[in-house]
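Me: I should like to go through the terms used for this model and see how each one is justified. Please set every value against its definition.

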Amino acid sequence: MAKLFEYTWTDADQKDWWESAFKLNLVHHFTSHNLHIEIAKTFKQKLPLQGKFLEYGCGTGGILSYLPTNKELQLYGCADEPSQVETTKQRLQNQSNFVTAELISDGFFNQYAHSFDIIDLTHIWCNVPPAVEQAWLTKILSLLAPSGYLCINDCYNYLPQRDSLCPHCGAYYARIPNVNALTPQKITDTLGVLGVKPLFCKQTTMRADGQSFLSWQLVKWHNILKYHHQDNFCWIGQKV
């Protein structure tokens with residue numbers, strides 16, 4: 001099924017869209033808390049949850065709030081929007097192992113160079129234009145400690161039956177503006193060149209907020225049978 005039209009998201013479009021989404025409090029509608037719970041559960045099973053953990057693009061701090069509160073794990077968040085930073089701080093202010101959330105800046109990269117033992121990117125890479133993704137990933141990896149873990153929770157370009165019209169600019173999106181079609185193999189190949197080896201990958205199609213069980217199952221199996229893939233996946237690699 002072809003898309004009705006294509007739209008190229010510029011940096012300004014994405015910033016404008018996200019600001020509007022936060023003003024309207026739409027983020028929880030677009031990102032299911034069930035997905036955050038599943039991601040946190042996978043981390044508990046597959047990672048040594050100790051040291052410094054960074055949620056890059058922390059949004060409202062959902063994933064951080066589901067991680068263990070043990071003292072061996074220190075939680076950090078960062079985002080490029082002040083509203084996201086403040087929301088994360090408010091949400092996790094009573095979580096004993098939460099350290100801080102900060103704005104992404106050159107100063108942030110300088111301060112935390114090679115500091116984090118685990119970095120998670122959830123629905124972030126898919127918003128990075130392919131032309132700049134290698135430079136962007138190099139900056140992300142500059143924050144990762146030697147032998148640290150990089151986690152990618154992302155998606156293919158969403159299929160039309162799950163798309164909606166952006167209430168702000170009319171562009172096609174599905175819960176998030178998506179400019180970069182990712183697959184586990186593409187992530188493995190791209191990060192392999194940058195010195196990250198794959199350890200684990202699981203494909204998941206989570207139930208969206210407000211989505212009926214029947215709709216969720218129909219979408220999931222339609223994608224599997226017709227397109228031989230599921231939308232979302234969790235990929236974990238280690239810096240070598």
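Me: Which residues does Gln74 touch, not counting residues up to four places away in sequence?
Reply: Gln74 touches Gly51, Lys52, Phe53, Asn97 and Val99 under that restriction. A contact here means heavy atoms within 4.5 Å. The model is predicted, so local features need pLDDT of at least 70 and side-chain atom pairs count only at pLDDT 80 or more, while totals for chains, interfaces and linings use all residues. Residues are numbered from 1 along each chain as its sequence is written, and side-chain values use heavy atoms, with hydrogens and water left out.

Me: Why is Gln74 called partly exposed?
Reply: Buried means under 20% relative accessible area, exposed means over 50%, and partly exposed lies in between (1.4 Å probe, protein chains only). Gln74 has a relative accessible area of 31%, and is therefore partly exposed. Gln74 lies in strand 2, where helices (H or I, at least four residues) and strands (E, at least two) are DSSP runs numbered from the N terminus. Between Gln74 and Asn97 the C-alpha to C-alpha distance is 5.2 Å, with 23 residues separating them in sequence.

Me: What makes Asp117 partly exposed and Lys239 buried?
Reply: Asp117 has 29% relative accessibility and so counts as partly exposed, whereas Lys239, with a relative accessible area of 18%, is buried. Asp117 is placed in strand 4 and Lys239 in strand 9 (residues 232-239). Asp117 touches, among others, Leu144, Ala145 and Gly148, leaving aside residues up to four places away in sequence. With the same exclusion, the residues that Lys239 touches include Leu144, Ala145, Ser147 and Gly148. The C-alpha atoms of Asp117 and Leu54 are separated by 8.2 Å, although their positions lie 63 residues apart along the chain. For Lys239 and Gly192, 47 residues apart in sequence, the C-alpha to C-alpha distance is 9.3 Å.

Me: Why are helix 7 and helix 8 called roughly perpendicular?
Reply: The axes of helix 7 (residues 133-141) and helix 8 (residues 184-193) come within 10 Å and cross at roughly 65 degrees. Axes are lines fitted to C-alpha atoms, for helices over the stretch in contact, and angles run from 0 to 180 degrees between N-to-C directions. Angles under 35 degrees count as roughly parallel, over 145 as roughly antiparallel, 65 to 115 as roughly perpendicular and the rest as oblique. Helix 7 and helix 8 are therefore classed as roughly perpendicular to each other.

Me: Which residues form the contact of helix 7 with helix 8?
Reply: From helix 7, Glu133, Gln134 and Leu137 meet Lys186, Thr190, Leu191 and Val193 of helix 8. These residues divide into three nonpolar, two polar and two charged. In this scheme Ala, Val, Leu, Ile, Met, Phe, Trp, Tyr, Cys and Pro are nonpolar, Asp, Glu, Lys and Arg are charged, and the others, Gly among them, are polar.

Me: What makes the aromatic pair of Tyr56 and Phe109 tilted?
Reply: Rings of Phe, Tyr and Trp (its six-membered ring) pair if their centres lie within 6.5 Å; planes under 30 degrees apart count as stacked, over 60 as edge-to-face and the rest as tilted. A search of the whole structure finds nine such pairs. For Tyr56 and Phe109 the values are 6.4 Å centre to centre and 55 degrees between the planes, giving a tilted pair. Tyr56 lies in strand 1 (residues 51-56) and Phe109 in helix 6 (residues 106-111), so this pair ties together parts 53 residues apart in sequence. Tyr56 counts as buried at 6% relative accessibility, as does Phe109 at 9%.

Me: Why is the pair of Tyr76 and Phe116 edge-to-face?
Reply: The ring centres of Tyr76 and Phe116 are 5.3 Å apart and the planes stand at 75 degrees, so the pair is edge-to-face. Tyr76 belongs to strand 2 (residues 73-79) and Phe116 to strand 4 (residues 116-122), so parts 40 residues apart in sequence are tied together. Tyr76 is buried at 7% relative accessibility, and Phe116 is buried at 0%.
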